[in-house]
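This report describes the strand sheets, the packing of helices on them, and a few local backbone features of one protein chain. Please read it alongside the sequence and the coordinates.

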Amino acid sequence: NAAVELIFAGLSNGKFEIDLSDAVTAQEPPAPDAQEILQEVSILPVNAQMDPATKTVTPGSYGLGYDEKKLAALLEDAADGQTVRVTLEPAAPEVMGQEAYFQDVLGFCQTPHGSNEKRNANLTLACQALNGVVLQPGQTLSYNETLGQRTKEAGYQEAPAYSGTTLVDSLGGGICQVSSTLYLSALYAELEIVDRVSHGYPATYMPVGLDATVSWGAPDLKIRNNGDFPIKLVAEVRDDFVRVWIMGTETRSYYVRMAYGSSTDGYARSYYCRYDRQTHELLSKTEAALSGYLSISTPVAGEIGSEEAYVNGNVREQPPCSPSE
């Protein structure tokens, strides 16, 4: 503005050469902003998306970008007048291909494990066998077939397990904890339970009536994907817990908690309790399974949700947990 005033004043007096030094303040040129530059030139990746109406996946696409810190360092080191050139690199979308089907947690369960290293090694092997398994609509998972026979060659170790009513060391001891964790996760997801047998005695890591015992050959745990979309299992041993997620496409307007109750006659019943997601009102309560045990010392009753864990005989809230990368 000061320069404009000097120019017009000069022109009005017939001067065509004007000294503007009094109106100009020398400043450093603005430093180039790596973030702004990348916002201009980058192409953002597009996530794959699932269309519930057609039950199909729209593929995502890669983008182009560059590491902001690297670009900032190059700009800072550049001399005045120097041109900085970088080659944009492919940027992958967070969700690709069929993973678009697996963005919702349909069921999740976590159970605490002890410090027996051999037993924990068996838990890890069982989770590794389940992790990443995808069931298409109508497909049935057999726990025994998925894990295969528990042998030394497969890496399984001798660890405590029940044989009838006796606790003995056996190959693969402890994997019933993984099958039980998967079973309760499947109940939350309301998958069809094709085959399931309870233990001889209630398991300490699981509420009574919500466990599932397995042995090579039989008994087995079989779960069928009775939904309209594929589902994927995520299983791991982490932070002293066995954790199983069932990932898929959520279509329910309610969430599920499981009620359980037992009596001294050795029987326990479990129930689906369906709650409205908005009001948390109990919508329905229907029976899930009847379990028989050789004995139950103390009758118990309670309810557990996927955001909780059964620790030392009590249902306890747990911090949010997501599948590890």
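## Basis and a buried loop residue

Helices (H or I, at least four residues) and strands (E, at least two) are taken as DSSP runs and numbered from the N terminus. The model discussed here is predicted.

With that numbering, A100 falls in the loop between strand 4 (89-91) and strand 5. Because its relative accessibility is 8%, and buried means under 20%, A100 counts as buried. Beyond its neighbours within four places in sequence, the residues in contact with A100 are A48, Q49, M50, V57 and V95. N47 stands 53 residues from A100 in sequence, yet the two are 8.1 Å apart in space, C-alpha to C-alpha.

## The sheet 5-13-12-6

One open sheet consists of four strands in the order 5-13-12-6, with antiparallel pairing. Its edges are formed by strand 5 (104-112) and strand 6 (134-135), each of which pairs on one side only. Strand 6 is joined to strand 12 (residues 231-238) by two bridges in the antiparallel sense, and V134 has K232 in strand 12 as its bridge partner.

Two helices lie across strands of this sheet. Helix 4 (residues 117-130) lies across strand 12 and strand 13 (241-248), and its direction makes about 160° with strand 12. Helix 6 (residues 175-189) lies across strand 5, strand 12 and strand 13, running at about 145° to strand 5.

## The sheet 16-15-14-17

A further open sheet, also of four strands with antiparallel pairing, has the order 16-15-14-17. Strand 16 (282-292) and strand 17 (301-305) each have a single partner strand, so one side of each remains without a neighbour in the sheet. On average, and with direction ignored, neighbouring strands here are turned by 25° against each other.

Within this sheet, strand 14 (residues 254-262) and strand 15 (residues 267-276) run antiparallel and are joined by nine bridges, with M258 having Y272 in strand 15 as its bridge partner. Helix 6 packs on this sheet, where it touches strand 14, strand 15, strand 16 and strand 17, and its direction makes about 130° with that of strand 14. Helix 6 thus touches strands of this sheet and also lies across strand 5, strand 12 and strand 13.

## A nonpolar surface patch

On the surface, V4, L6, I7, F8, L11, F16 and I18 form a nonpolar patch, and together they have about 670 Å² of accessible area. One of these residues, V4, is found in helix 1 (residues 2-12). V4 counts as partly exposed because its relative accessibility is 43%, a value in between the cut-offs of under 20% for buried and over 50% for exposed.

## Backbone features in loops

Most residues other than glycine have a negative phi, and most peptide bonds are trans. Against that background, which residues other than glycine have a positive phi here, and where are they found? E190 has a positive phi near 60° and lies in the loop between helix 6 and strand 10, while D240 has a positive phi of about 70° and lies in the loop between strand 12 and strand 13. E190 counts as buried because its relative accessibility is 16%, whereas D240, at 52%, counts as exposed.

The peptide bond joining A218 and P219 is cis, with omega about 0°. P219 has its place in the loop between strand 10 (192-195) and strand 11 (222-224).

Key. Residues are numbered from 1 along each chain as its sequence is written. This is a predicted model: local features need pLDDT of at least 70, side-chain atom pairs count only at pLDDT 80 or more; totals for chains, interfaces and linings use all residues. Side-chain values use heavy atoms; hydrogens and water are left out. Two strands pair if DSSP finds at least two bridges between them. Contact means heavy atoms within 4.5 Å. Axes are lines fitted to C-alpha atoms, for helices over the stretch in contact, and angles run from 0 to 180 degrees between N-to-C directions. Patches are made of residues with over 30% relative accessible area and no salt bridge: like charges are joined within 9 Å, nonpolar side chains (Val, Leu, Ile, Met, Phe, Trp, Tyr) within 5 Å. Accessible areas come from the Shrake-Rupley method with a 1.4 Å probe; for residues, only the protein chains shown count as cover. A salt bridge is a side-chain nitrogen of Lys or Arg within 4 Å of a carboxyl oxygen of Asp or Glu. Buried means under 20% relative accessible area, exposed over 50%, partly exposed in between (1.4 Å probe, protein chains only).
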